[in-house]
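Reader: Could you walk me through this one, starting with whatever you would look at yourself?
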Amino acid sequence: MTTSTLAKWMLQSNSTVILTGAGMSTESGIPDFRSRTGWWKNIDPRTVASVESLQQNYELFREFYQMRILSLTNCEPHSGHEILANWEARGLLTLIATQNVDRFHQQAGNGAVAELHGNIVTIRCQTCGKALPLGHFMDNAVCTYCNGKLRPNVVLFGEALPQQAWNRSLHAIQNADVVIVIGTSLEVYPVNQLPAMCQGRLVYINLDVSGNSRNFDLILQGTAGGVLAEIDKYLRELIAE
Ligand code: APR
């Protein structure tokens, strides 16, 4: 079974849902977390991406997210993101549930996106919860309403996931005919529980396929951009027939 199998499944599917992780954005130049070149190879996430780091090590926390936000300005969605936007436009995709915080799926044109881990491009006050412009966070400002600490709307380790994004993703995956998991190690709870909720066909597209122990119906090893291009080629051929 190969990419042409998946193309056939997608055309027979009444609802296809995609779950993405950091591996979806590495071809845009954004590091993932647990690969050899990932963020967590050199940094302990508890020191920069947890509620404790926000409370007890705010300068380091803020510096880490300012650096990640700045790195986004030199990157953009790649062809794989564009293909997923085209699939939504052609009615081939119901939802993208993403762990990514770069908003590249939306930038590429996808409208149906559930941000399971929030995003790093919008800011709120940790104390009063009010929204503040990104520039205030980048300029080390405090909350203009209450002088509280500013932080991105990313889900930190130790925080609950946004209920609406979770419910929407869970419902879509439970009712999908096909679920395609792309570019994630599936090491982080609770998102790593979502693939097992799929009652239909479950597909894994990833560079490293050694770590997974889930019962995927189809495993396609490779880059997100490369594999998605192949699937799209078969989809176009099948639709043209
Ligand atoms: N194409 C396909 N797969 C890729 C590519 C690529 N171009 N680049 C990397 N990968 C794969 C890696 O082999 C790895 O298995 O993507 C996976 C990325 O896994 P992680 O780095 O663990 O990222 P992710 O699964 O998204 O992490 C989940 O952990 O730190 C938290 O909140 C953070 O959302 C993140 C969560």
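Author: What follows is a talk through the pocket, the ligand, the cavity, a small sheet and some backbone details, all in a predicted model.

Reader: Okay, pocket first. What volume does the largest one have, and which residues are closest to its centre?
Author: The largest pocket has a volume of about 950 Å³. Its lining counts 43 residues, and those closest to the centre are A22, F33, R34, T184 and S185.

Reader: And what is that lining like by class?
Author: There are 19 nonpolar residues in the lining of the largest pocket, together with 16 polar and 8 charged ones.

Reader: Which domains does the lining draw on, and which elements supply at least two residues each?
Author: At least three lining residues come from domain 1 (1–30 + 77–117 + 161–241), and at least three from domain 2 (31–71 + 120–154). As for elements, helix α4 (58–73) and strand β8 (201–206) each supply at least two residues, and the largest share, 3 residues, is that of β8.

Reader: Now the ligand. How many residues surround it, and which are the closest?
Author: The ligand is surrounded by 23 residues, of which F33, R34, W40, T184 and S185 are the closest. F33, R34, T184 and S185 were also named among the residues closest to the centre of the largest pocket.

Reader: Which backbone atoms make polar contacts with it?
Author: I can give you contacts at three residues, including A22, where a backbone N or O atom lies 2.8 Å from an oxygen atom of the ligand. For F33, too, a backbone N or O atom lies 2.8 Å from a ligand oxygen atom, while at L207 a backbone N or O atom lies 3.1 Å from a nitrogen atom of the ligand.

Reader: Switching to closed spaces: how many cavities of 30 Å³ or more are there?
Author: The count comes to 1 cavity of 30 Å³ or more. The largest cavity has a volume of about 120 Å³, and of its 14 lining residues the closest to the centre are I30, F33, R68, V101 and D102.

Reader: Which element gives the most to that lining, and which domains does it draw on?
Author: Helix α4 gives the most to the cavity lining, with 3 residues, and each of domain 1 (1–30 + 77–117 + 161–241) and domain 2 (31–71 + 120–154) contributes at least three. By class, the cavity lining has 8 nonpolar, 4 polar and 2 charged residues.

Reader: Let's do the sheet. What is the strand order?
Author: The order is β5-β4-β6 in an open sheet of 3 strands, with antiparallel pairing. Strands β5 and β6 are the edge strands, since each pairs on one side only.

Reader: How many bridges join β4 to each neighbour?
Author: Strand β4 (residues 118–125) pairs with β6 (residues 150–154) over 4 bridges, and 2 bridges join β4 to β5 (residues 131–132).

Reader: Where does I123 sit in all that, and what stands opposite R124?
Author: I123 has P152 as its bridge partner in β6, and on the β5 side I123 stands opposite L132. R124, in turn, stands opposite A131 in β5.

Reader: What about the hairpin of β4 and β5?
Author: That hairpin has 5 residues between the strands, and G129 takes a positive phi near 80° there.

Reader: Which residue other than glycine has a positive phi, and where is it found?
Author: One of them is N147, with phi near 70°, and N147 is found in the loop between helix α7 (134–138) and strand β6. Most residues other than glycine have a negative phi, and most peptide bonds are trans, so a positive value is worth a second look.

Reader: Where is the cis peptide bond, then?
Author: A cis peptide bond joins Y189 and P190, with omega about -5°. P190 is found in the loop between β7 (178–182) and β8.

Terms used
Residues are numbered from 1 along each chain as its sequence is written. This is a predicted model: local features need pLDDT of at least 70, side-chain atom pairs count only at pLDDT 80 or more; totals for chains, interfaces and linings use all residues. Side-chain values use heavy atoms; hydrogens and water are left out. On a 1 Å grid over the protein atoms alone, a cavity is a set of points where a 1.4 Å probe fits but cannot get out, and a pocket is an open set with protein on both sides within 12 Å along at least five of seven lines; lining residues have an atom within 4 Å of a point. Grid points are joined across faces, edges and corners, and a volume is the space filled by probe spheres set on the points. Ala, Val, Leu, Ile, Met, Phe, Trp, Tyr, Cys and Pro count as nonpolar, Asp, Glu, Lys and Arg as charged, and the others, Gly among them, as polar. Domain bounds come from an automatic or database domain assignment. Two strands pair if DSSP finds at least two bridges between them. A residue is near a molecule or strand if one of its heavy atoms lies within 4 Å of it. A polar contact is a pair of N or O atoms within 3.5 Å; within protein, one must be able to donate a hydrogen and the other to accept it, and residues adjacent in sequence count only if both atoms are side-chain atoms.
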